Amino acid sequence: MTNNQDLMLRIRRMTKVFFPGTSNEKIALNRLNLDLKEGEFVTILGANGSGKSTLFNAICGTIELDDGIVILDNDDISWAKEHKRALHISRIYQDPQLGTAPNLTIAENLALAYTRKASPSLFPLNKKDHRFFREQLSMLEMDLELRMNTKIGLLSGGQRQAVSLVMEIISQPKLLLLDEHTAALDPQTSARILEVTNKFVRSAGVTTMMITHNVQDALTNGDRTIVFSEGKIIHDYYGSERDKLDPNDLQRLYG
Ligand SMILES: Nc1ncnc2c1ncn2[C@@H]1O[C@H](COP(=O)(O)OP(=O)(O)OP(=O)(O)O)[C@@H](O)[C@H]1O
Ligand SMILES: [Mg+2]
């Protein structure tokens, strides 16, 4: 049995109903329970509208819950303000435009992420910090460490997602939430970003949830795959059971 102390995230009875009491009533999260161990990397599948992004919104405090509890690293954040939670929770969206400031350079974007969260400081960053940024960027193997003074707005979508990933990782979050962060990219770039996602998640050991509509990606990345339906988790696969899953069977199950 897992000791509660080893759990990075505990969610109990998480409930969100949109437009309650009207003909448009939508139960987006239906008394959802979920535990994540520290360092666990979970992939999330589920049909459109099944509540996956709402789960992320509820964890981040973007929406207020109707009921339920969210405990992050033994801290009850159920009612914490969004900006407080953002100190410990990082999120990357599908749209590469969202994570980065286009008129700032790569170095400036990284500095913002770094000083805002990991190393809150009013002082300019020193050479050591810049060396650290260069090292992190070089892990991408995209030559972006040679372009630290390039404005983000000049980069491709894939490059921007890669910089977003570095930004979120260097801010040392307790939880990383990836909401279809490769879905807007071409297949080759998407595969590349997934590869670096794995590399960063594993080397930082950060607890991660990744939403995807690609069954193959869901099974080949991370340690565990959960399947959403109508605001609930209907399947939770890990270990040998997950290893034995046939992607086609899984596709039929939720598609
Ligand atoms: N802010 C909101 N106001 C009203 N309804 C919402 C809001 N956010 C989500 N919903 C509704 O809640 C349900 C779940 O939406 P959600 O975005 O979580 O789905 P999803 O699983 O992320 O789907 P997709 O795969 O399309 O991204 C949907 O019916 C959606 O229309
Ligand atoms: Mg979504």
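Let me start with one pair of residues. Gly46 stands opposite Phe228 in strand 9. Keep Gly46 in mind, as we will come back to it. And a caution before going on: this is a predicted model.

Now the strands around that pair. Strand 3, residues 41-46, pairs with strand 9, residues 224-229. The sense is parallel, and there are five bridges. Both strands belong to an open sheet of six. The order is 6-7-8-3-9-10, and the pairing is mixed. Which strands sit at the edges? Strand 6, residues 89-92, and strand 10, residues 232-238. Each of these pairs on one side only. On average, neighbouring strands in this sheet are turned by 20 degrees against each other, direction ignored.

Next, strand 1, residues 7-18. Strand 1 is joined to strand 2 by eight bridges, and the two run antiparallel. Look for Ile11: its bridge partner in strand 2 is Leu34. Strand 1 also pairs with strand 4, residues 67-72. That pairing is antiparallel too, over five bridges. Here, Thr15 has Asp67 of strand 4 as its bridge partner.

On to ligand 1. What residues are around ligand 1? Here is the list: Phe18, Lys26, Ala28, Gly46, Asn48, Gly49, Ser50, Gly51, Lys52, Ser53 and Thr54. So there is Gly46 again, among the residues around the ligand. Two elements give two or more residues to this shell: strand 2, residues 26-37, and helix 1, residues 52-60. Helix 1 gives the most, with three residues. By character, the shell has seven polar residues, two nonpolar and two charged.

Last stop, helix 4, residues 127-138. How far apart are its end C-alpha atoms? They are 16 Å apart. Twelve residues at 1.5 Å a residue should span 16 Å, so the two values agree.

Which residues of helix 4 are buried? Phe133, Gln136 and Leu137. They lie on the same side of the helix, because they cover an arc of only 100 degrees around the axis. The general rule helps here. An α-helix has 3.6 residues a turn, so residues three or four places apart point the same way. Now turn to the face away from the buried side of helix 4. That face carries the exposed residues Lys127, Lys128, Arg131 and Glu135.

To recap: Gly46 faces Phe228 across a strand pairing, and Gly46 is also one of the residues around ligand 1. Helix 4 has a buried side, with exposed residues on the face turned away from it.

Notes: Residues are numbered from 1 along each chain as its sequence is written. Chains are lettered from A and ligands numbered from 1 in the order in which they are written. This is a predicted model: local features need pLDDT of at least 70, side-chain atom pairs count only at pLDDT 80 or more; totals for chains, interfaces and linings use all residues. A residue is near a molecule or strand if its C-beta atom, placed from the backbone, lies within 6 Å of it. Helices (H or I, at least four residues) and strands (E, at least two) are DSSP runs, numbered from the N terminus. Ala, Val, Leu, Ile, Met, Phe, Trp, Tyr, Cys and Pro count as nonpolar, Asp, Glu, Lys and Arg as charged, and the others, Gly among them, as polar. The expected span of a helix is 1.5 Å times one less than its number of residues. A residue is buried if 20 or more other C-beta atoms lie within 10 Å of its own, exposed if 12 or fewer, and partly exposed in between; C-beta atoms are placed from the backbone. The arc is that of the directions from the helix axis to the C-beta atoms. Two strands pair if DSSP finds at least two bridges between them. Axes are lines fitted to C-alpha atoms, for helices over the stretch in contact, and angles run from 0 to 180 degrees between N-to-C directions.
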